[in-house]
Amino acid sequence: MGKVIHTHTYLAGNTLELVHGDLTIQAVDAIVNAANAWLQHGGGLAAAIVARGGQEIQVESDAWVQAHGMVPHTAPAITSGGRLPCKFILHAVGPVWGSGEEDTKLSQAVQGCLTEAERLGCHSLAIPPISTGIFGFPKDRAARIIYTTLDRYFNGCPASCIRLVRLTIIDEPTLVTFARIFLEMYPSG
């Protein structure tokens, strides 16, 4: 799973965990892939997901794009988890820094994942720090947006079937930033 760095529990009992670990080994109902709009999983987290989960993930992604076109910021594409220990992969397209309306697009990408996970009946979800890698989104700003979007979702939907969100970060510099912002936003975490 990885090491749980901080935990926050919402009023309805939903839990947010900040985890230092590998997203591809999270035993949850669904994981979120930080994808590009064409679902070409050639680098970064997406490549690691296909390498560990199997080429069928790329095949399913290609079929999704063939059927639906480019993936919007507002709703992720969905594939099976392949050989990963999850049922589903939600392929979210976060914004490239400098593309315009980045804050809104990032919030929409996270919100879309929560909405789809709820629709699929997921009880647990692991997400990465969307857009903070090669898409260049400033880490501290992304952390605030991701946490705020999670807060808004769980405070507005306390009966959510999603009981656990595991924000899973593998690289140390990003983890340090997200941990600092976590403690600013959730001082008892």
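In this predicted model, the largest pocket is lined by 29 residues. Those that lie nearest its centre are Ala 34, Gly 44, Leu 45, Ala 46 and Gly 133. Two elements give two or more residues to this lining, namely α1 (44-53) and β7 (164-169). Of these, α1 provides the largest share, with four residues. The volume of the largest pocket comes to about 600 Å³. In chemical terms, its lining divides into 13 nonpolar residues, 14 polar ones and two charged ones.

Strand β7 is also where Thr 168 is found. With a relative accessible area of 3%, Thr 168 is buried, because values under 20% fall in that class. A polar atom of the Thr 168 side chain lies 3.1 Å from the backbone oxygen of Arg 166. Once neighbours within four places in sequence are left aside, the contacts of Thr 168 comprise Val 19, Gly 21, Asp 22, Leu 23 and Gln 26, together with Ala 126, Ile 127, Pro 128 and Pro 129. Among these contacts, Ala 126 and Ile 127 fall within strand β6 (residues 124-127).

Strand β6 leads on to its partner, β3. Strand β3 (residues 30-34) is mostly covered, four of its five residues being buried. Its pairing with β6 runs in the parallel sense over two bridges, and Leu 125 in β6 is the bridge partner of Ala 30. Strand β3 also pairs with strand β5 (residues 88-92), again in the parallel sense, here over five bridges. In that pairing, Ala 30 stands opposite Phe 88. Ala 30 thus has a bridge partner in β6, Leu 125, and a residue opposite it in β5, Phe 88. At the other end of the numbering of β3 (residues 30-34) comes Ala 34, already met as one of the residues nearest the centre of the largest pocket.

Within β5, Ile 89 is a helpful residue to look at next. Its relative accessibility is 0%, so Ile 89 counts as buried. Beyond its neighbours within four places in sequence, Ile 89 is in contact with Ile 31, Asn 33, Ile 49 and Ile 57, and also with Ala 77, Ile 78, Thr 79, Ser 80, Gly 81 and Leu 84. Two of these, Ile 31 and Asn 33, belong to β3 (residues 30-34), and Ile 49 belongs to α1 (44-53). Pro 76 is 13 residues from Ile 89 in sequence, and the two C-alpha atoms are 9.1 Å apart in space.

The backbone angles hold two further points of interest. Most residues other than glycine have a negative phi. Glu 101, although not a glycine, has a positive phi of about 50°. Glu 101 has its place in the loop between β5 and α3 (102-119). Its relative accessibility of 62% lies over 50%, so Glu 101 counts as exposed. Ser 131 likewise has a positive phi, near 75°, and is a residue other than glycine. The place of Ser 131 is in the loop between β6 and α4 (139-156). At 5% relative accessibility, Ser 131 counts as buried, whereas Glu 101 is exposed. The loop that holds Ser 131, between β6 and α4, follows the strand that carries Leu 125, the bridge partner of Ala 30.

Key
Residues numbered from 1 in each chain as written. Predicted model: local features only at pLDDT ≥ 70, side-chain atom pairs only at ≥ 80, totals over all residues. Heavy atoms only, no water. 1 Å grid on protein atoms, 1.4 Å probe; cavity = no way out; pocket = protein on both sides within 12 Å on 5 of 7 lines; lining within 4 Å. Points joined across faces, edges and corners; volume = space filled by probe spheres on them. Nonpolar A, V, L, I, M, F, W, Y, C, P; charged D, E, K, R; others polar. Buried < 20%, exposed > 50% of the residue type's maximum accessible area, 1.4 Å probe, protein only. Polar contact = N/O pair within 3.5 Å; in protein donor to acceptor, adjacent residues only side chain to side chain. Contact = heavy atoms within 4.5 Å. Pairing = 2+ DSSP bridges.
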